[in-house]
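User: Hi! I have a model open on my screen and would like to walk through it with you. Could we start with the cysteines and go on from there?

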Amino acid sequence: MPARLALEHTARALVGRVRGRVSQYTGIGNRQIARRPPAWPPLAELPKGDPRLGLRDRWYLLGTADAVHDTPVATRLLGEDLVLWRDGSGAPHLMADLCPHRGARLSIGDVVGDELRCGYHHWRFDGSGQCTSVPSQGGACSLAERTKVSVTYPVAEEAGYLWAWIGESSPAALRLPAEFTDDRYSTFPESVEWGANWMLALENLVDLMHAPFLHARSITLNEGITHDRVVVDDHDDGFEVRRRDQAGTNFDWIDIHTGDLAYVRLDIPLPPSAGPGPPLRILGFLTPRDNAATLVHFPRFREVAGRERRIWRTLYRLRLRGTHLHVLNQDKEMLESLRTTDEARRDEHLAQADRPVVHLRRALEADFEAQRARFGLATEPQPAPVALAD
């Protein structure tokens with residue numbers, strides 16, 4: 001862990017301890033805490049394995065490696081409430097946020113050595129989820145031996161990020177896009193959360209023609225023609241979408257990968273005010289929370305070196321990140337008005353520009369049906385063939 005991040009984490013932990021002691025001995029703040037509404041989100045309404053919660057047996061980006069230190073972190077992924085934590089050696093673990101003793105949240109426990117300790121009765125669990133100690137029965141005992149956290153998932157720490165394999169099969173090899181390991185690229189992480197289903201977020205990314213309309217008021221996507229046709233070409237791991245009559249002016253091209261690690265790749269042309277260098281390369285990773293929330297990761301890359309790299313990184317920190325978040329917030333507002341696929345698709349009327357959206361749905365339908373079958377879920381009725389208006 002970089003020294004600066006370690007120092008910031010230590011400072012935050014110290015502030016938390018001081019606040020706790022002040023509350024303990026003076027009572028300050030306790031009335032406010034007592035009246036606070038429940039902090040935990042409601043349980044997912046769909047059954048495990050429903051594709052609207054996400055495709056399983058895939059790698060998902062959790063966030064940067066510094067997202068978790070020595071304190072457990074609660075998260076929700078694919079409709080499951082999970083806890084992300086590091087053991088004493090720094091190895092990351094992901095498991096059900098549910099103590100098998102009485103159902104307490106493990107995320108409000110703490111880490112002791114290489115084990116996660118439940119805050120309720122101090123039962124301990126190792127990185128595999130195995131219970132190692134039941135203090136009320138003397139510690140190690142036969143009850144501990146036959147008790148285990150219900151679900152654990154493999155986590156890999158690569159290229160400064162945490163990646164989790166969410167599924168029931170053995171994990172496939174994690175193959176990162178080349179931008180993560182190519183020293184020619186200078187990169188900044190970016191993660192936001194959208195209150196919308198993951199498929200709506202993905203459909204938004206493959207929808208090139210929303211850019212000149214929704215993002216017309218931005219410094220990067222405010223140029224180009226608004227009347228065009230969209231071309232879709234398949235490749236071994238997904239498909240590519242491009243505009244027929246425009247290239248290199250706007251959000252005019254996107255490469256979609258739908259394999260074990262699903263992501264999209266696109267380039268955004270930057271104005272001279274963004275500093276020297278080629279277009280901005282963006283990789284997009286969608287991590288479903290549940291039916292109506294998605295964690296969206298957009299690491300940014302630019303192939304610059306030397307003085308140009310220093311200029312680019314300075315401009316990004318001072319100004320460009322804010323303008324890029326402005327664009328993401330435009331997507332956020334629109335997608336959160338849609339929320340779920342059921343609501344959004346209730347009465348669709350699609351145009352030729354929506355061809356990538358239709359192509360995406362058809363490309364994933366076989367995976368959806370296979371997952372429903374694995375979990376014994378009812379087959380979804382197939383919609384009538386979509387006729388795209390010219």
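Analyst: Happy to help! One term first: a residue is called buried when its relative accessible area is under 20%, and exposed when that area is over 50%. Please keep in mind that this is a predicted model.

User: Is Cys-99 buried or exposed?

Analyst: The cut-off for buried is under 20% relative accessible area. Cys-99 has a relative accessibility of 2%, so this residue counts as buried.

User: How many disulfides does the whole structure hold?

Analyst: A disulfide needs two cysteine sulfur atoms within 2.5 Å. For Cys-99, the closest cysteine sulfur belongs to Cys-118 and is 3.8 Å away, which is too far for a bond. Cys-141 is in no disulfide either, as the nearest cysteine sulfur, in Cys-131, is 6.9 Å away. A search of the whole structure gives a count of zero.

User: And what is the relative accessible area of Cys-141?

Analyst: Cys-141 also falls under the 20% cut-off for buried residues. Its relative accessible area is 15%.

User: On to the sheets. In the open sheet with the order E5-E6-E7-E8, which are the edge strands?

Analyst: This sheet has four strands with antiparallel pairing. An edge strand here pairs on one side only. That description fits strand E5 (110-112) and strand E8 (131-133).

User: Which residue in E8 is the bridge partner of Arg-124?

Analyst: Strand E7 covers residues 124-125 and pairs with E8 in the antiparallel sense, over two bridges. The partner of Arg-124 in E8 is Ser-133.

User: There is another open sheet, E2-E3-E4-E9. Which residue in E3 is the bridge partner of Val-73?

Analyst: That sheet has four strands with antiparallel pairing, and its edge strands are E2 (73-77) and E9 (152-153). E2 pairs with strand E3 (residues 80-86) through five bridges. Opposite Val-73, the partner in E3 is Leu-84.

User: Strand E20 seems to have several neighbours. Which of its residues stands opposite Ile-282?

Analyst: E20 (residues 300-303) runs antiparallel to strand E12 (residues 185-188), joined by four bridges, and one pairing there puts Ser-186 with Arg-302. E20 also pairs with strand E18 (residues 280-290) in the antiparallel sense, over two bridges. In that second pairing, Ile-282 stands opposite Arg-300.

User: Let's turn to charges. How many residues apart are Arg-52 and Asp-342?

Analyst: Side chains of opposite charge can pair when their charged atoms come close. Arg-52 and Asp-342 form a salt bridge, with their closest N and O atoms 2.8 Å apart. Arg-52 sits in the loop between helix H2 (30-35) and strand E1 (58-64), while Asp-342 belongs to helix H7 (residues 341-344). Along the chain, the separation is 290 residues.

User: How many salt bridges are there by this rule?

Analyst: The rule asks for a side-chain nitrogen of Lys or Arg within 4 Å of a carboxyl oxygen of Asp or Glu. Arg-105 and Asp-81 meet it, with closest N and O atoms 3.7 Å apart. Counted this way, the total is 33.

User: What is the relative accessible area of Glu-179, the partner of Arg-281?

Analyst: The side chains of Glu-179 and Arg-281 meet in a salt bridge at 2.6 Å, N to O. Glu-179 lies in the loop between strand E11 (161-166) and E12, and Arg-281 lies in strand E18, 102 residues apart. Arg-281 counts as buried at 16% relative accessibility. Glu-179 is buried too, with a relative accessible area of 5%.

User: Last stop, helix H8. Where is its kink centred?

Analyst: H8 covers residues 355-374, and its 20 residues should span 28 Å at 1.5 Å a residue; the end C-alpha atoms are 30 Å apart, which agrees. The helix nevertheless has a kink of about 35 degrees. The centre of that kink is Glu-365.

User: Which elements do the buried residues of H8 pack against?

Analyst: The buried residues in H8 include Val-357, Leu-360, Leu-364 and Phe-368. An α-helix has 3.6 residues a turn, so residues three or four places apart point the same way. The buried residues of H8 pack against helix H4 (198-206), strand E14 (230-235) and strand E15 (238-243).

Key. Residues numbered from 1 in each chain as written. Predicted model: local features only at pLDDT ≥ 70, side-chain atom pairs only at ≥ 80, totals over all residues. Heavy atoms only, no water. Pairing = 2+ DSSP bridges. Buried < 20%, exposed > 50% of the residue type's maximum accessible area, 1.4 Å probe, protein only. Expected span 1.5 Å × (residues − 1). Bend = angle between axes of the 7 residues up to and from the residue. Contact = heavy atoms within 4.5 Å.
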